[in-house]
Amino acid sequence: MDTINRLKILSSQMDFEPAEDYGCPKINPSMRYSGFVHNAVMPNGKTIALLKTLLTSACERDCYYCPFRAGRNFRRATLKPAEMAQIFMSMHRAGIVEGLFLSSGLIGGGIRTQDNLLDAAEILREKLGFQGYLHLKIMPGAEQGQVERAMQLSNRVSLNLEAPNTKRLNILAPHKAFIDELIQPLRWVADIRNSTSNKTGWNKRWPSVATQFVVGGAGENDLELLTTTEYLYRDLGLKRAYYSPFRPVEDTPLENQPPTMLQRENRLYQASFLIRDYGFLMEELPFDNSGNLPKDTDPKLSWAQSNLRENPIEINFASKKELLHIPGIGPRGVSSILAARKQNRVKSLEDLRKIGINPVRAAPFILINGQKPSQQLNLF
Ligand code: SF4
């Protein structure tokens, strides 16, 4: 089979893997291979055409949820590192793709598989002069030196934890070691970034780091997922945790398990952003007795309904952290309020609207100069 057909097979098998932030799903019609090019939003807000693919869809492991597990009958393909680098660069030069997300099934162990990914990345950066966006996977069981090399070559590295702890991972992937194979490489990433500057890296900056959880496949609750997420954000400096709702795959041990509701995924993202960007503590998140978030209300609103109805926050004197707890006000809104307060006091809901804040969500939970502004709401 020729290289492009193998690439088509490999890339079409990557839909389950979130990468970066998804942009509008429109693909430039000039992209001939649009079946495997994804629009992805970069941290700077720019949308690029990303080739999301694998070096091989063969795998020697047997994770219970995974379409690539050993022994499952489907059409697999493999590209050598040099083939991958060459075909990607041809597509890049033709203007079809701007960036590459490269992962792999495990063949010959984590170390050997990581070497193959590094080979492809080194050819791209050092022989072919690729200067664009590269997201490299770190394989379970990779060595510390390989992790550092991946960091030197890429803009983002990621390693999928899949489950929040050892007990849950045993249900999804009993032959993976949660601490030794998965958490340890992420600790190395944090150590390397904290202890050295990236003098030898292709752009002299360390990459961002991400992970993915399969939600609902192992009977875990939201509290378990978010406890691990908080550790990753606060202690290991992760940029992004992805939550992929479990989908049963035919001919796997979990094929009869029900899929996870998308709403759970949404609530997990909302809660994880509250931890990462809004200064929320785990104990402030509105878990129910089963350790799950309410499905019908977003967690910030739920917290505010329990805590701010009787104790509204004074917009003109609140700290940054207090302002971030008000529904309808995000980090940008907080900056606008702090800037507005330096000029003049905020006097009305209309003043909030003028600085880009939708006051309807915030109004029940705030005071403006000591007054509840709820009665002004009918103006909106
Ligand atoms: S190691 Fe990765 S590719 Fe292989 S079966 Fe497990 S999750 Fe799937």
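His325 counts as buried in this predicted model, because its relative accessibility is 4%, below the 20% under which a residue is called buried. The residue sits in the loop that runs between helix H10 (320-324) and helix H11 (331-343). Leaving aside residues up to four places away in sequence, His325 touches Tyr278, Gly279, Phe280, Glu284, Lys300, Trp303 and Leu308. One of these partners, Gly279, follows helix H8 and has a positive phi, near 70 degrees.

**The chain as a whole**

- The chain holds 13 helices and ten strands, and its C-alpha trace spans about 70 × 45 × 45 Å along the principal axes.
- A compact globule of 380 residues would have a radius of gyration near 21 Å, and the chain has 23 Å, which agrees with that expectation.
- Of the 380 residues in the chain, 54% are buried, while the area that the chain exposes comes to about 17,100 Å², with carbon and sulfur atoms supplying 49% of it.
- When contacts are taken between residues at least 6 apart in sequence, 65% of them join residues that are at least 24 apart.

**The surroundings of the ligand**

- The residues around the ligand are Cys59, Arg61, Cys63, Tyr65, Cys66, Phe68, Arg69, Leu106 and Lys176.
- Sorted by class, this shell has six nonpolar residues and three charged ones, with no polar residues.

**Helix H8 and its cover**

- Helix H8 (residues 262-277) has 16 residues, and the distance from its first C-alpha to its last is 22 Å, close to the 22 Å expected at 1.5 Å a residue.
- The buried residues of H8 are Arg264, Glu265, Arg267, Leu268, Tyr269, Ala271, Ser272, Leu274 and Ile275, a list in which charged residues such as Arg264 and Glu265 appear beside nonpolar ones such as Leu268 and Ile275.
- An α-helix has 3.6 residues a turn, so residues three or four places apart point the same way.
- The cover over the buried residues of H8 includes strand E7 (208-215), helix H7 (222-234), strand E8 (240-245) and helix H9 (299-307).

**Helix H2 and its cover**

- The 13 residues of H2 should span 18 Å at 1.5 Å a residue, and the C-alpha atoms at its ends are indeed 18 Å apart, so the two values agree.
- Within H2, the buried residues are Pro81, Met84, Ala85, Ile87, Phe88, Met89 and Met91.
- Helix H1 (3-12), E3, strand E4 (99-103) and H3 are among the elements that cover these buried residues of H2.
- After H2 comes Gly95, whose phi is positive, near 80 degrees.

**Two further buried residues, Ala77 and Leu118**

- Ala77 has its place in the loop between strand E3 (47-54) and helix H2 (81-93), and it counts as buried because its relative accessibility is 6%.
- Not counting residues up to four places away in sequence, Ala77 touches Arg6, Ile9, Leu10, Leu55, Thr56, Ser57 and Ala58.
- The C-alpha atoms of Ala77 and Leu54 are separated by 9.0 Å, although the two residues are 23 residues apart along the chain.
- Leu118 lies in helix H3 (residues 109-127) and is buried, with a relative accessible area of 5%.
- With residues up to four places away in sequence set aside, the contacts of Leu118 are Leu136, Gln146, Arg149, Ala150 and Leu153.
- Leu118 and Phe101 are 17 residues apart in sequence, and their C-alpha atoms are 13 Å apart in space.

**Positive phi outside glycine**

- Most residues other than glycine have a negative phi.
- Glu162 has a positive phi near 70 degrees although it is a residue other than glycine, and it lies in the loop between strand E6 (156-158) and helix H5 (166-172).
- Glu162 is buried, with a relative accessible area of 6%.
- Asp251, likewise a residue other than glycine, has a positive phi near 65 degrees, and its place is in the loop between E8 and H8.
- Asp251 is partly exposed, because its relative accessible area is 42%, a value between the 20% and 50% limits that bound this class.

Conventions:
Residues numbered from 1 in each chain as written. Predicted model: local features only at pLDDT ≥ 70, side-chain atom pairs only at ≥ 80, totals over all residues. Heavy atoms only, no water. Near = heavy atom within 4 Å. Helix = DSSP H or I, 4+ residues; strand = E, 2+ residues; numbered from the N terminus. Rg over C-alpha atoms; globule rule 2.2 N^0.38 Å. Buried < 20%, exposed > 50% of the residue type's maximum accessible area, 1.4 Å probe, protein only. Contact = heavy atoms within 4.5 Å. Areas by Shrake-Rupley, 256 points an atom, 1.4 Å probe, with all protein chains shown as cover. Expected span 1.5 Å × (residues − 1).
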